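Colleague: I would like to go through this model and ask what each description rests on.

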Amino acid sequence: MADLSHDVARERAEFESLVRLYWPKVFRFALASLRDKDAAETIAQDCFVKAHRARGRFRNECSDATWLMRIAVNLVRDHLRNRRLRFWKHTQTYGQPVEDIGHWIDEGQRSPEAQALLRERVQAIWEATKSLPERQRTVFLLRFVEDMDLLDIAAVTGMKEGTVKTHLFRALQAVWERMGSQL
Amino acid sequence: MNSHLTTQQVSACILEEAGADIKRHLEECPDCRTELQRFRESLAEFRTSVRECSSAQFAWERRFDREETGHSRFIPSSIRWLAAAFVVGALAIGFVRDDSERQSPMAAVSADARLLTQVDTQLSQSVPRPLEPLTSLVQWSEGAEREPGAPANITEKN
């Protein structure tokens with residue numbers, strides 16, 4: 001009996017450390033995808049609830065990060081596709097849209113003019129990703145915000161590596177064209 | 001390669017899949033090199049910005065700390081209703097006060113208009129003190145009942 005309770009406590013501690021480690025990553029991806037803080041929190045919470053329920057079926061065939069991000073990607077996709085649910089979630093939670101990302105740049109040693117230009121470029125990328133198709137946006141964010149390589153993105157999204165590359169190419173082209181004269 | 005890099009070629013560079021001809025062009029073309037460098041820098045800064053924004057939005061460390069110390073974020077529904085009632089009441093009071101404030105300027109304008117009319121009447125009927133002796137030389141054709149401001153219909157006394 002003591003062993004059983006000890007195992008339960010250990011499992012709980014392990015899962016809590018998993019939450020602490022990966023919550024920011026899951027939340028960040030959801031926030032960048034949905035641009036809504038409340039929706040992103042809901043997605044992150046749902047992600048860990050699902051992970052907790054399914055942890056018995058997790059066979060360690062991939063890393064914890066890949067497993068959790070796969071759940072998050074599916075939740076974001078469901079959220080975007082279910083327009084009715086999205087409407088009600090917005091109504092209930094008074095969603096706070098994230099519109100301006102440019103002022104979060106690292107000012108560093110740049111001159112004010114250089115900072116202003118960089119801020120405009122970053123904002124242009126943010127605007128461009130908003131209008132990308134869902135799959136392109138997902139691979140773009142996983143690559144350029146989460147620093148994931150093509151194989152990991154393929155594992156997370158369930159796409160083939162070649163498909164990931166194609167979506168990434170198209171996303172980059174769209175972003176580049178959007179930035180246009182700012183470069 | 002004479003012309004500048006195409007969008008596809010720039011994307012290939014970003015994804016580290018540029019061929020030898022693209023690399024050669026980049027060595028020879030400062031414009032493309034600069035644009036590519038700026039694009040890379042912008043993408044890197046985009047990553048930083050999203051991460052910073054996300055951290056600020058969630059402040060997850062504080063949240064976990066608060067949960068550990070037993071302070072719940074849950075607010076009982078009764079308190080929420082009380083807060084909502086307070087807000088509605090405050091808004092209603094604001095509307096009433098706003099209306100009364102809107103009426104006061106109107107009343108003030110009306111009072112001003114009355115005062116100006118009185119002043120006009122007084123001024124038009126009164127004769128300045130230095131001219132008072134002259135009034136004995138003329139007479140009002142319609143007596144003192146003349147409308148204020150109307151041209152005086154006077155006749156000279158013989």
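Colleague: What pattern does chain A follow, read along the sequence?

Modeller: This is a predicted model. Along its sequence, chain A reads α-α-α-α-α-α-α-α, with eight helices and zero strands.

Colleague: How do you know that the span of α2(A) is close to the one expected for a helix?

Modeller: Helix α2 of chain A covers residues 37–54, which is 18 residues. The expected span is 1.5 Å times one less than the number of residues. That gives 26 Å for α2, and 26 Å is also what the helix reaches from its first C-alpha to its last, so the two are close.

Colleague: Which residues of α2(A) are buried, and why are they said to line one face?

Modeller: The buried ones are A:K37, A:A39, A:A40, A:I43, A:A44, A:C47 and A:A51. Viewed down the axis of α2(A), they fall within an arc of 160°, and therefore they line one face of the helix.

Colleague: What makes A:V49 and A:R53 exposed?

Modeller: A residue is called exposed if 12 or fewer other C-beta atoms lie within 10 Å of its own. A:V49 and A:R53, on the other side of α2(A), are exposed by that cut-off.

Colleague: How many residues of each chain take part in the contact?

Modeller: Chain A gives 27 residues and chain B gives 25. On the side of chain A that touches chain B, α1 (2–34), α5 (112–130) and α8 (161–179) each supply at least two residues. The largest share, seven residues, is from α1(A). By class, this side of chain A has 19 nonpolar, two polar and six charged residues.

Conventions. Residues are numbered from 1 along each chain as its sequence is written. Chains are lettered from A and ligands numbered from 1 in the order in which they are written. This is a predicted model: local features need pLDDT of at least 70, side-chain atom pairs count only at pLDDT 80 or more; totals for chains, interfaces and linings use all residues. Helices (H or I, at least four residues) and strands (E, at least two) are DSSP runs, numbered from the N terminus. A residue is buried if 20 or more other C-beta atoms lie within 10 Å of its own, exposed if 12 or fewer, and partly exposed in between; C-beta atoms are placed from the backbone. The arc is that of the directions from the helix axis to the C-beta atoms. Two residues are in contact if their C-beta atoms, placed from the backbone, lie within 7 Å. Ala, Val, Leu, Ile, Met, Phe, Trp, Tyr, Cys and Pro count as nonpolar, Asp, Glu, Lys and Arg as charged, and the others, Gly among them, as polar.
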